[in-house]
Amino acid sequence: MKFAIMGSGGVGGYFGARLAEAGEEVTFIARGEHLAAMLNQGLHVRSIKGDVTLPRVQATDDPAGVGEVDCVIVAVKAWQVREAAESIRPLVGPDTLVLPLENGVEAADILAEVLGDAPVLDGLCGILAWREAPGRIRHAGVDPFVRFGERDNHSSARTARLKAAFDKARGVSAEIPDDIRVAQWSKFLFICAMSGIGSISRAPIGVTRQVPETRSLIQAMLEEIDQVARGHGVAFPSDAVARAMQFIDAMPAESTSSMQRNILAGEPSELESQNGAVVRLGRSVGVETPVHALIYAALLPQELAARGEIPAIR
């Protein structure tokens, strides 16, 4: 298959490299030093699932020059999805799939608003990875997986073909869940709690899950998201919160979320599409989310400063 990777950082760089290693035709959409490094030196992935070295890769900062592809993997930050959707229009033909791998539960809706419903799948991924230097990706935790499906959960030949491409890739587990919405909200459940507690405590998950006071906050956040999901008609199992806590307890102790890392670096983050989204989506169905509301409010001044909307905090 012919892939375009829109957003070639930790997530897009990792999965794109694995697909290219497996023989798929992959073009990385990137910019700046990262693009220059890939064009000059290739792409290098250091991974607990085995390293990947691609001495030569196809990479560009201009999606219009690539032409139509079979699948666009959208792996930008959640707040960049609408801009990315506009940028990838030239890549999307009548048979193209658009697969979002963002944190949060709203990316597919945004993509469909811009591109129409037909090409857009629902999707998610699991991985702990980041760009450690231009042209270099580091994968340090979580067995990487992608899960995707048609938005109405019907079986299709096109998702089966996409799964077959991922199945050939080393270091990736691919699945088409029976209910992609449940799968998506299940990831949202734990990543949002992990992001929130890590961002306000400035500590890795191994610390916050051990300290009784912060563990109780994690539990409260999970319970709030569970109630919001059910309010939106998500068919969560009765033990969804317990499963999420088990996943959190099994994560490497040093794990941090991408949102936490952005906040610690004083950069724009996914606060609005994670803890902020819980508050917003809860309000829309009459579910109170006081813990998420407090976390969102506490982090918002720094977020606004990082985006240049208020003076920087000194």
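A residue counts as buried when its relative accessible area is under 20%, as exposed when that area is over 50%, and as partly exposed in between. Keep that scale in mind, because E86, with a relative accessible area of 42%, falls in the partly exposed class. What you have in front of you is a predicted model, and we can walk through it with that scale in hand.

Let's stay with E86 for a moment. Its partner is R89: the two form a salt bridge, and their closest N and O atoms are 2.9 Å apart. R89 is partly exposed as well, with a relative accessible area of 42%.

Now step back and take in a bigger stretch of the chain. The UniProt record, an unreviewed entry, labels residues 4-152 "domain: Ketopantoate reductase N-terminal". In the model, that span is 26% helix and 36% strand. Its end C-alpha atoms sit 24 Å from each other.

Inside that span you can find another charged pair. The side chains of K49 and D143 come together in a salt bridge, at 3.7 Å from N to O. This one links distant parts of the chain: K49 belongs to the loop between β3 (43-47) and β4 (52-54), while D143 is in strand β9 (residues 136-149), and the two are 94 residues apart. How open is each partner? K49 is partly exposed, because its relative accessible area is 35%. D143 has a relative accessible area of 52%, so this residue counts as exposed.

Follow β9 onward and you come to N153, in the loop between β9 and α5 (157-167). Its backbone is worth a look: phi is near 70°, a positive value, and N153 is a residue other than glycine. As for its surroundings, N153 counts as partly exposed, with 32% relative accessibility.

Further along, have a look at P177, which sits in the loop between β10 (173-175) and α6. Is P177 buried or exposed? Its relative accessibility is 13%, so P177 counts as buried. Setting aside residues up to four places away in sequence, P177 touches R147, F148 and A183. Compare that with A133: P177 and A133 are 44 residues apart in sequence, and their C-alpha atoms are 34 Å apart in space.

That loop leads us to helix α6, which covers residues 180-201. It packs with helix α11 (residues 275-284) at an angle of about 120°, and the axes of the two helices are 9 Å apart. How should we describe that arrangement? An angle between 65 and 115 degrees would count as roughly perpendicular, and one over 145 as roughly antiparallel. α6 and α11 fit neither class, and are therefore oblique to each other. On the α6 side, the residues that meet the partner are W185, F188, C192 and G196. They face N275, A277, V278 and L281 in α11. Sorted by class, this contact holds six nonpolar residues, two polar ones and no charged ones.

Just past α6 is R202, in the loop between α6 and α7 (205-208). R202 is not a glycine, yet it has a positive phi of about 60°. R202 is partly exposed, because its relative accessible area is 40%.

Next, look for the loop between α9 (240-250) and α10 (258-264), where you will find S255. With 1% relative accessibility, S255 counts as buried. Which residues does S255 contact, leaving aside its neighbours within four places in sequence? They are L128, M194, P204 and I205.

Helix α9 also takes part in a salt bridge. R215 pairs with D249, and their closest N and O atoms are 2.9 Å apart. R215 lies in helix α8 (residues 212-231) and D249 in helix α9, so this pair ties together parts that are 34 residues apart in sequence. R215 counts as partly exposed at 27% relative accessibility, and D249 is partly exposed too, with a relative accessible area of 34%. Elsewhere, salt bridges that share partners join R18, E21 and R170 into one network.

How many salt bridges does a search of the whole structure find? The count is 19, and the pairs we visited, including K49 with D143 and R215 with D249, are a good place to begin tracing them.

How values were computed:
Residues numbered from 1 in each chain as written. Predicted model: local features only at pLDDT ≥ 70, side-chain atom pairs only at ≥ 80, totals over all residues. Heavy atoms only, no water. UniProt positions renumbered as here; feature names shortened; annotations may be inferred. Helix = DSSP H or I, 4+ residues; strand = E, 2+ residues; numbered from the N terminus. Axes fitted to C-alpha atoms, helices over the stretch in contact; angles between N-to-C directions. Parallel < 35°, antiparallel > 145°, perpendicular 65-115°, else oblique. Contact = heavy atoms within 4.5 Å. Nonpolar A, V, L, I, M, F, W, Y, C, P; charged D, E, K, R; others polar. Buried < 20%, exposed > 50% of the residue type's maximum accessible area, 1.4 Å probe, protein only. Salt bridge = Lys/Arg side-chain N within 4 Å of Asp/Glu carboxyl O.
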